[in-house]
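Me: I am new to this one. Please show it to me, and then let me ask how each label is earned.

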Amino acid sequence: MTGQKFPERVSVFLQNKLDSLKCEFGSDSPEYLGLARQYLKDSREDTDTQENNIKHYEAEISFGQSDQKHSGIERLYRRQIVIEPTMVCSSHCRFCLRSNYPRYTLTEHQLIETAKYCGNAENRKNLHEVLITGGDPLIIPNRVNVLLEALIEFAPNIRIARIATRLPTQDPNRIDDDVLRIFKNKPSIRFELATQINHPVELSFPETIDAINRIQHNGVKIYSQNVLLKGINDNISTLIDLYDGMREHDIEAHYLFHAIPIKGTHHLRTSVQRGLQLARELTNSGCISGRVKPMFAAMTDIGKIIFYEGTISERKGAFLLLKSGYKFTERLHWNPDFQMPKNSGVDSEGNLQVWYLDRDDR
Amino acid sequence: MFKLKKQEIFASDISQFLNVQLVGEDIRITGPYNLVILSDDFQNSANNESEKPTLYFSKSSDVPPYVKSYVVSANPIYDIALILKDFFSTPTEDGIHKTAQIGTDVAVGRNVRVGANSVIDSDVEISDNVWIMDLVSIHGPVKIGKFSVIKSGSVIGSEGYSFLDDGRGNFFHPPQLGRIIIGNNVWIGSNSTIERGMLEDTIIEDGVKIDDLVHIGKGSHIGKNCMITAGCVIAYNVTLGSGVTLGPNVTVRELLKITNDVIVGQGAAVIKNIDKKGVYAGVPAKFLKKEMNIGKDS
């Protein structure tokens with residue numbers, strides 16, 4: 001496509017919601033901005049800043065007869081593989097961590113070959129889970145079904161399938177029979193649905209709640225991994241409302257991510273310190289149920305790192321040195337193509353550590 | 001089998017789905033009718049500019065000025081078919097219809113669809129994702145491979161047409177107890193019959209596509225990926241190799257063998273074995289040429 005690299009794209013559903021929120025609450029209201037800032041392009045995206053990441057990590061794997069790396073298949077962890085059947089989404093989140101990825105869709109043949117790889121002799125020992133993400137895989141439910149049927153046939157070691165989607169909030173009418181068919185009649189696989197809800201206004205739409213209910217009625221557990229975003233949810237009252245709403249609708253809390261330093265996202269990032277302070281307030285003040293407490297985490301060049309005491313081992317200028325529990329030797333075992341990122345290294349205990357760009361709160 | 005699914009997508013969704021470049025405007029596509037194949041000789045044909053937003057599928061980047069949005073596609077009809085499958089269609093039915101009768105010793109796999117008033121007798125094994133439409137009769141012993149489709153009105157395991165002279169001029173019908181074995185990804189058209197043999201199995205291998213109104217006689221063996229078009233009659237104990245194509249209304253005499261990759265033209269009557277690859281036609285069928293050059297022959 002000619003033009004912008006990551007163009008603004010807003011589904012008809014979201015556009016209608018934005019129009020009605022502006023009309024009802026005003027264009028300066030938290031309700032409108034809580035949605036608008038997630039999806040509408042901001043001129044600050046084009047400003048030069050230190051946030052220069054093009055990808056959030058490099059973990060593509062190669063398999064098959066050629067040594068060519070396969071787009072859309074990544075592996076960082078022992079038990080799980082990431083499959084991205086398509087990079088198409090119904091709407092474009094302005095802080096998308098895959099905004100700079102090439103746009104593609106895997107063919108049915110490629111998905112079947114991927115399933116065969118998942119079920120090869122080596123993977124049968126340790127690989128039990130797939131994360132099917134993108135893009136939004138539920139945009140193409142028939143093709144996801146092809147992948148799942150192939151996994152059932154060729155990779156019986158896969159027992160859990162997590163499917164990541166924002167369709168319930170971006171375009172809930174697309175959670176139709178074709179999507180729900182994905183979850184039916186596959187007794188060997190347990191499904192979980194990962195979504196992302198960043199502002200409580202997203203849970204105020206009846207169409208979204210209906211879509212969530214339709215998925216849950218098929219026995220699928222929904223959880224949400226949210227992103228801390230400046231000017232959207234970086235205050236305690238919004239976060240309390242958000243996690244209360246998730247609790248009400250039986251959506252489990254998973255990670256609350258610090259916004260990663262992807263190019264064009266500077267204006268949407270808080271400091272890590274601000275995130276830690278909000279996470280502490282949120283989880284230790286008795287304001288929300290203990291059943292819906294998120295883990296504050298950073299998505300770094302070596303994978304997810306949850307912030308615990310001692311995670312930040314050093315600060316140098318705008319960068320934090322984050323310690324992980326990932327062993328470099330293990331990483332190479334699961335993904336022989338893995339290359340140590342330039343900003344990463346191995347500590348004295350053999351664990352990977354990485355320099356991560358912080359953000360000040362000015 | 002499928003019905004139209006209404007939804008709105010962007011032209012860029014389509015280009016990214018097909019892994020091709022979108023040229024021009026990223027228009028909204030509200031249905032399959034917004035997708036048009038640009039004629040190869042558009043310069044000589046009437047202006048087919050559409051009033052509605054249209055995404056054109058062109059074999060080259062040489063397009064007329066009225067085209068505001070297009071993708072270059074090596075195989076436009078195939079690409080549009082993929083779009084229809086993944087964006088604009090949905091199956092008409094799910095599960096087993098309440099009026100279908102399923103015998104007690106029938107093994108039914110996952111995601112099997114059975115339409116209204118179909119009867120599935122005893123000793124039938126249906127693999128995952130098989131689609132059996134309305135008014136189908138299946139009489140075991142029958143095995144049906146995964147992702148196969150049996151259209152309305154067909155009879156699978158029909159009692160074979162078999163009569164023996166009892167020596168006094170009377171015809172005696174022996175029980176037909178052979179199995180029907182249908183492979184994976186087989187398509188059986190409406191009102192077709194596949195007969196059971198007395199002892200021998202009737203076998204339809206993987207990928208065979210049988211059109212409507214076809215008769216497969218008892219004990220016949222249809223090789224992989226054969227295409228058998230409407231009205232064909234295959235008598236008993238016939239063997240087709242793999243990749244055989246029979247045009248409409250071809251008849252094949254009993255006990256014959258046709259080797260791999262043979263094409264038989266419409267209306268032909270095959271009365272002798274065919275042991276050499278090629279194109280055959282006529283009554284009786286005779287060798288015509290070595291191969292069919294699709295496009296040049298039509």
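**How the labels are earned**

Reply: Start with helix H2 of chain A, residues 30–39, in this predicted model. Seven of its 10 residues are buried, so H2(A) is largely enclosed by the rest of the structure.

Me: Which residues of H2(A) are the buried ones?

Reply: They are Tyr32(A), Leu33(A), Gly34(A), Leu35(A), Ala36(A), Gln38(A) and Tyr39(A). Buried means under 20% relative accessible area.

Me: What covers the buried residues of H2(A)?

Reply: The cover includes helix H1 (12–25) and helix H6 (167–170), both of chain A.

Me: Why are H9(A) and H10(A) called oblique or parallel to each other, whichever it is?

Reply: Helix H9 (residues 236–248) and helix H10 (residues 272–284) of chain A pack at an angle of about 50 degrees. Under 35 degrees would count as roughly parallel, and 65 to 115 as roughly perpendicular. The angle of about 50 degrees fits neither. H9(A) and H10(A) are therefore oblique to each other.

Me: What else describes the packing of H9(A) and H10(A)?

Reply: Their axes lie 10 Å apart. The crossing is right-handed. On the H9(A) side, the contact involves Ile236(A), Leu239(A), Ile240(A) and Tyr243(A). On the H10(A) side, it involves Leu278(A), Glu281(A) and Leu282(A). Six residues of this contact are nonpolar, none is polar and one is charged.

Me: What does Tyr243(A) touch?

Reply: Leaving out residues up to four places away in sequence, Tyr243(A) touches Asn226(A), Ala253(A), Tyr255(A), Leu256(A), Leu282(A), Ile288(A), Val292(A) and Pro294(A). Tyr243(A) also ranks among the residues with the most contacts inside the largest nonpolar core, together with Phe183(A) and Leu55(B).

Me: How many residues does the largest nonpolar core have?

Reply: It has 119 residues. Its largest share, six residues, comes from helix H5 (residues 141–154) of chain A. Apart from this core lies another, of 45 residues, among them Ile228(B), Val252(B), Leu256(B) and Ala268(B).

Me: What makes the phi of Asn129(B) worth a mention?

Reply: Most residues other than glycine have a negative phi. Phi of Asn129(B) is near 65 degrees, a positive value in a residue other than glycine. Asn129(B) sits in the loop between strand S13 (124–126) and strand S14 (131–132) of chain B.

Me: And is there a second case to set beside it, and where does Asn191(B) lie?

Reply: Asn191(B) has a positive phi of about 55 degrees, and it is not a glycine. Asn191(B) lies in the loop between strand S22 (187–188) and strand S23 (193–196) of chain B.

Me: How do you know whether Asn129(B) is buried or exposed?

Reply: Its relative accessible area is 14%. The cut-off for buried is under 20%, so Asn129(B) is buried.

Me: Why is Asn191(B) put in the class it has?

Reply: Its relative accessibility is 46%. Exposed needs over 50%, and buried needs under 20%. Asn191(B) therefore counts as partly exposed.

Me: Which peptide bond of chain A is cis?

Reply: The bond from Gly134(A) to Gly135(A) is cis, with omega near 10 degrees. Gly135(A) lies in the loop between strand S4 (129–132) and H5 of chain A. In chain B, the bond from Val283(B) to Pro284(B) is cis, with omega near -5 degrees.

Me: How many helices and strands does chain B have?

Reply: Chain B has two helices and 37 strands. Of its 298 residues, 44% are buried.

Terms used: Residues are numbered from 1 along each chain as its sequence is written. Chains are lettered from A and ligands numbered from 1 in the order in which they are written. This is a predicted model: local features need pLDDT of at least 70, side-chain atom pairs count only at pLDDT 80 or more; totals for chains, interfaces and linings use all residues. Side-chain values use heavy atoms; hydrogens and water are left out. A nonpolar core is a set of buried Ala, Val, Leu, Ile, Met, Phe, Trp, Tyr and Cys residues joined through side-chain atoms within 4.5 Å. Buried means under 20% relative accessible area, exposed over 50%, partly exposed in between (1.4 Å probe, protein chains only). Helices (H or I, at least four residues) and strands (E, at least two) are DSSP runs, numbered from the N terminus. Contact means heavy atoms within 4.5 Å. Axes are lines fitted to C-alpha atoms, for helices over the stretch in contact, and angles run from 0 to 180 degrees between N-to-C directions. Angles under 35 degrees count as roughly parallel, over 145 as roughly antiparallel, 65 to 115 as roughly perpendicular and the rest as oblique. A crossing is left-handed if the near helix is turned anticlockwise from the far one by less than a right angle, and right-handed if clockwise. Ala, Val, Leu, Ile, Met, Phe, Trp, Tyr, Cys and Pro count as nonpolar, Asp, Glu, Lys and Arg as charged, and the others, Gly among them, as polar.
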